[in-house]
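User: I should like to learn how the terms used for a structure are justified by its values. Please show me the structure, and then let me ask about the terms one by one.

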Amino acid sequence: MALAFTGSLLRPRYQPLVPSRSGRNERNAARFRLVVAAGTGSARERRPQNVEGNFFVDHTCIDCDTCRWMAPDFFARIDKMSAVTKQPASKDENIKALQALLSCPTNSIHTEKKMKEVVEVNKTFPLPIDESDIPGVYHCGYHSEKSYGAAPYFISHPEGNIMVDVPKYTEILAREIDKLGGIRYLFLTHKDDIAEHDKWAKRFKCERIMHIGDVEYRTEDVERKLHGDGPWTIGSDFELVHTPGHTDGSVCLYYRPMKVLFTGDHLCLSGETGDLDMVLIYNKQSDILQLDSVRKLLDLNFNWILPGHGRRIRFKDNDEKNSAIEAYLATQEHIHDNSNTRNKEPLLA
């Protein structure tokens with residue numbers, strides 16, 4: 001089945017310090033190496049894997065994949081980190097590369113020479129994703145290391161604008177969002193990708209929304225806490241779908257008129273297989289629970305998946321989306337039935 005997506009490794013596959021299905025040790029190991037590297041003179045030096053030229057990636061890259069899906073003509077994965085494989089050669093190409101530079105969560109992308117264009121490129125965010133098919137849906141850029149580089153989104157809507165998950169706080173981006181009418185709701189898909197939610201909430205005096213299952217000390221003052229299994233609504237066009245599995249309180253945002261599903265870390269694309277994936281190594285709940293949550297998505301009519309981590313997916317239509325989900329569930333049921341290490345309860349109801 002051909003899906004209209006651009007594939008890539010979703011998250012770095014570091015060797016865990018101690019075997020763990022939650023993936024927290026992999027993240028801790030990556031952050032530890034980044035801290036160590038930052039204390040050395042070579043951390044910010046050009047990786048030898050970069051081609052010669054102005055743009056380069058340094059050794060603090062955490063392999064989050066942001067630059068590679070934002071500017072795939074210029075960045076690629078080499079030796080478990082990003083590197084520049086082609087230098088931009090025109091004004092438009094420089095803009096693409098600079099947008100990736102500004103969105104890098106660890107500021108690991110640099111230019112040998114200062115570029116005056118960066119001032120104007122700052123003002124290109126939020127970036128429209130597809131103005132003809134999903135007008136008013138934007139990528140915020142400015143990915144945050146605190147969210148491990150997760151993609152934040154912005155939705156312009158007459159009943160109130162919505163930010164989905166959170167970028168780094170920068171006043172430059174805040175001023176551009178002011179021009180689009182500000183933020184009424186700040187929706188947090190789950191507890192991993194909250195970044196500087198408090199700064200955005202204070203700046204825009206917006207209502208934060210999060211499931212109680214994921215509320216912790218950093219989010220205890222969230223204004224609207226979702227209880228139970230839902231679904232819930234935001235205005236007339238948005239449905240919140242409880243999809244536990246990755247975390248207890250994982251929730252997807254379904255934008256009905258635009259047929260878009262914002263999945264957080266619930267469902268994404270595997271760069272290894274080109275198929276749907278839940279990236280189970282990062283689960284904090286059970287595989288079966290998350291698969292049950294994936295099955296819920298068959299009842300929703302959408303063509304786009306916009307995940308926190310991974311690549312965007314655009315299906316031809318709802319039938320293609322359902323075929324892809326059903327094939328994925330069937331594959332996981334087969335794996336489950338042939339595994340000697342998992343609970344033998346049936347996956348599919």
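User: Which residue in E16 is the bridge partner of tyrosine 254?

Analyst: The bridge partner is leucine 261. Please note that this is a predicted model, in which local features need pLDDT of at least 70 and side-chain atom pairs count only at pLDDT 80 or more, while totals for chains, interfaces and linings use all residues. Residues are numbered from 1 along each chain as its sequence is written, and side-chain values use heavy atoms, with hydrogens and water left out.

User: What makes E15 and E16 a pair of strands?

Analyst: A strand is a DSSP run of E with at least two residues, and a helix is a run of H or I with at least four, both being numbered from the N terminus. Two strands pair if DSSP finds at least two bridges between them. Strand E15 (residues 251–255) and E16 share three bridges in the antiparallel sense, and therefore they satisfy the rule. They form a hairpin with four residues between them, and lysine 259 in the turn has a positive phi of about 55°.

User: How do you know that E16 also pairs with E19?

Analyst: Four bridges join E16 to strand E19 (residues 304–307), and the two run parallel; since at least two bridges are required, this too is a pair. Glycine 264 stands opposite proline 307 in E19.

User: Why is E16 called mostly covered?

Analyst: A residue is buried under 20% relative accessible area, exposed over 50% and partly exposed in between, using a 1.4 Å probe and protein chains only. Five of the five residues of E16 (260–264) are buried. Both faces are covered, with Val260, Phe262 and Gly264 on one side and Leu261 and Thr263 on the other.

User: Is threonine 189 buried or exposed?

Analyst: Threonine 189 lies in the loop between E10 and helix H6 (197–204). Its relative accessibility is 2%, so it counts as buried. Leaving aside neighbours within four places in sequence, its contacts (heavy atoms within 4.5 Å) include Asp165, Val251 and Gly264.

User: What makes the link between threonine 189 and aspartate 165 a polar contact?

Analyst: A polar contact is a pair of N or O atoms within 3.5 Å; within protein, one must be able to donate a hydrogen and the other to accept it, and residues adjacent in sequence count only if both atoms are side-chain atoms. The side chains of threonine 189 and aspartate 165 are joined at 2.8 Å, so the distance falls within the limit.
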